[in-house]
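I opened this entry to record how the helices of the chain pack against one another. I then meant to follow single residues into the interior.

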Amino acid sequence: MSEAKSSEAGPGSTPETPRAKGAVSAPGPDGRPRKVSRRFPLFTRDTARPEGGGRAAAGSAPAPARQWPLLSVVSLVGLGLLLTALDVFRVGTLLIGIALIGGAVLRWALPDVGMLAVRSRFTDMVTYGALGLAIALLAMMAQPRPWLEIPFLDDTLHYTI
């Protein structure tokens, strides 16, 4: 800790006023300013909660109620997987895509979404939205008798196989 006495600090300072050169932080436990480094620490001691990662309901609410955004998305995905397993493939996979798009909308609209927040708000919205849109489009394009036909994707598929 490099500190200078008042004689080196310049005019107007008293002998009791400690001065530190370079970057300083808040005073330490002894009341003197500490010289700090502007570099990142070598070891991370903790990780920050993602933006919007707070509880979606009050702390006095039961655990499922605090995580209702995540539970709603997971429930729809589970229902879609069940429908897919029961041989209703197109509707099941479309429901999975809609659930992920709904997760992106929840992440955008609500300030706190609990464990639905994994990364930054923007990254979560783009990830949930892009995956949901891709799954929904693929579900609507599935053979036989597709609900949606996109010619250039059909040509791309035929040329790659």
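I began with helix α3 (residues 68-85) and α4, which pack in this predicted model at an angle of about 170°, with their axes 7 Å apart. Since angles over 145 degrees count as roughly antiparallel, I noted α3 as roughly antiparallel to α4.

Next I looked up which residues make this contact, and on the α3 side I listed W68, P69, S72, V73, L76, V77, L79, G80, L81, L83 and T84. From α4 the contact takes in F89, V91, G92, T93, L95, I96, A99, G103 and L106. Sorting the residues of the contact of α3 with α4 by type, I found 14 nonpolar and six polar, with no charged residue among them.

I then turned to the other helix pair that I had marked, α4 (residues 89-109) with α5 (residues 121-141), and found that they pack at an angle of about 160°, their axes being 8 Å apart. The angle makes α4 roughly antiparallel to α5. I entered the crossing of α4 and α5 as left-handed. In the contact of α4 with α5 I read off 15 nonpolar residues, five polar and four charged.

Which residues does T93 touch, once those up to four places away in sequence are not counted? I found T84, I135 and A139. T93 itself lies in helix α4, and I recorded T93 as buried because its relative accessible area is 13%, where buried means under 20%.

For the interior I looked up the largest nonpolar core, which has seven residues, namely V73, A104, L106, V113, L116, A117 and Y128. Two of the entries, V73 of α3 and L106 of α4, I had already written down in the contact between those helices. I followed Y128 further and, leaving aside its neighbours within four places in sequence, found Y128 in contact with L100, I101, G103, A104, L116 and V118.

Last, I stepped back to the whole protein chain, for which I counted six helices and four strands. Read along the sequence, these elements follow the pattern β-α-β-β-β-α-α-α-α-α. I noted that 24% of the 161 residues of the protein chain count as buried. Of the contacts in the protein chain with a separation of 6 or more, I found that 48% are accounted for by residues 24 or more positions apart.

Definitions and conventions:
Residues numbered from 1 in each chain as written. Predicted model: local features only at pLDDT ≥ 70, side-chain atom pairs only at ≥ 80, totals over all residues. Heavy atoms only, no water. Axes fitted to C-alpha atoms, helices over the stretch in contact; angles between N-to-C directions. Parallel < 35°, antiparallel > 145°, perpendicular 65-115°, else oblique. Left-handed = near helix turned anticlockwise from the far one by under 90°. Nonpolar A, V, L, I, M, F, W, Y, C, P; charged D, E, K, R; others polar. Contact = heavy atoms within 4.5 Å. Core = buried A, V, L, I, M, F, W, Y, C linked by side-chain atoms within 4.5 Å. Buried < 20%, exposed > 50% of the residue type's maximum accessible area, 1.4 Å probe, protein only.
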